[in-house]
Protein chains: 2
Amino acid sequence: MGIFSYFRSKKPTAQVAKNRLQIIVAHERAQNSGYDFLPQLRQEILLVVQKYVHVELENINVDVNRDGDCEVLEFNVTLPDNKS
Amino acid sequence: MGIFSYFRSKKPTAQVAKNRLQIIVAHERAQNSGYDFLPQLRQEILLVVQKYVHVELENINVDVNRDGDCEVLEFNVTLPDNKS
């Protein structure tokens with residue numbers, strides 16, 4: 001499964017014992033058709049994550065990538081040791 | 001980038017022109033430590049997606065996979081042609 005190897009390939013050696021959360025949102029719009037709701041979705045997902053994960057917003061890393069018709073948001077959070 | 005190839009590998013030929021949304025949530029808990037919030041997160045993400053994508057709940061496909069310490073939720077939605 002590609003997603004498992006993708007997730008694991010990002011694991012730094014020093015963080016082997018850490019709990020982590022990664023969310024990837026891929027939106028494919030054929031020839032830019034349809035509504036681009038990713039900016040709003042990004043904010044909503046950040047709010048949802050913060051309901052369950054007690055980390056500051058600045059500790060949630062968000063990357064945006066585009067590859068042709070496909071736009072991808074990637075959220076990476078290293079969870080606190082005890083309350084995650 | 002693994003995630004792009006993963007996303008693309010799932011593209012059926014007949015759906016090349018469709019707009020699609022895929023969300024992958026990977027939660028890694030070292031030796032099952034920390035709180036398992038994925039069931040709640042799954043519900044919240046479904047609600048958020050439905051705010052922006054006008055599809056019925058039964059048209060949002062959700063898979064759950066586990067690989068060692070890593071649990072993965074995968075949401076797949078084929079978006080309507082005009083209002084997505």
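Trainee: What makes strand β1 (residues 20-28) of chain B and β3(B) count as a pair?
Mentor: Good place to start, and keep in mind that this is a predicted model. β1(B) and β3(B) run in the antiparallel sense and share nine bridges. Pairing needs at least two bridges, so these strands qualify. As an example, B:Q22 stands opposite B:N76 in β3(B).

Trainee: How do you know that β2(B) also pairs with β3(B)?
Mentor: By the same kind of check: β2(B) and β3 (residues 70-78) of chain B are antiparallel, with eight bridges. The cut-off is at least two, so they count as paired. Among the partners in β3(B), B:V72 goes with B:N65, and B:C70 goes with B:D67. The two strands form a hairpin with two residues between them, and B:G68 in the turn has a positive phi of about 65°.

Trainee: Why is β2 of chain B called an edge strand?
Mentor: Look at the whole sheet. This open sheet has six strands in the order β2(A)-β3(A)-β1(A)-β1(B)-β3(B)-β2(B), with antiparallel pairing. The edge strands are β2 (60-67) of chain A and β2 (60-67) of chain B, each pairing on one side only. From one strand to the next, the twist averages 10°.

Trainee: What makes β3(B) a mostly covered strand?
Mentor: Eight of the nine residues in β3(B) are buried. To be called buried, a residue must have under 20% relative accessible area.

Trainee: Now some charges. How do you know that B:E28 and A:R20 form a salt bridge?
Mentor: The closest N and O atoms of B:E28 and A:R20 are 2.9 Å apart. The limit is within 4 Å, so the pair passes. This salt bridge crosses between chains, from strand β1 of chain B to strand β1 of chain A.

Trainee: Are those two residues buried or exposed?
Mentor: B:E28 has a relative accessibility of 4%, so it counts as buried. A:R20, at 6%, is buried as well. Both values are judged against the limit of under 20%.

Trainee: What makes B:E44 and A:K51 a salt bridge?
Mentor: Their side chains meet at 2.5 Å, N to O, and the rule asks for within 4 Å, so they qualify. B:E44 has a relative accessible area of 16%, so it is buried.

Trainee: Why is A:R66 called partly exposed?
Mentor: A:R66, in strand β2 of chain A, has a relative accessibility of 47%. Buried needs under 20% and exposed needs over 50%, so a value in between is called partly exposed. A:R66 forms a salt bridge with A:E71, with the closest N and O atoms 2.9 Å apart. A:E71 is at 17%, so it counts as buried.

Trainee: How do you know that A:R29 has no salt bridge?
Mentor: A:R29 lies in the loop between β1 (19-28) and α2 (38-52) of chain A. The nearest side chain of opposite charge is A:D36, at 4.2 Å. A salt bridge must be within 4 Å, so this pair does not qualify. A:R29 is buried, though. Leaving aside neighbours within four places in sequence, its contacts include A:Y35, A:R66 and B:N19.

Trainee: How many salt bridges does the structure hold over all chains?
Mentor: There are six of them.

Note on methods. Residues numbered from 1 in each chain as written. Chains lettered and ligands numbered in written order. Predicted model: local features only at pLDDT ≥ 70, side-chain atom pairs only at ≥ 80, totals over all residues. Heavy atoms only, no water. Helix = DSSP H or I, 4+ residues; strand = E, 2+ residues; numbered from the N terminus. Axes fitted to C-alpha atoms, helices over the stretch in contact; angles between N-to-C directions. Buried < 20%, exposed > 50% of the residue type's maximum accessible area, 1.4 Å probe, protein only. Lys, Arg positive; Asp, Glu negative; His and termini not counted. Contact = heavy atoms within 4.5 Å.
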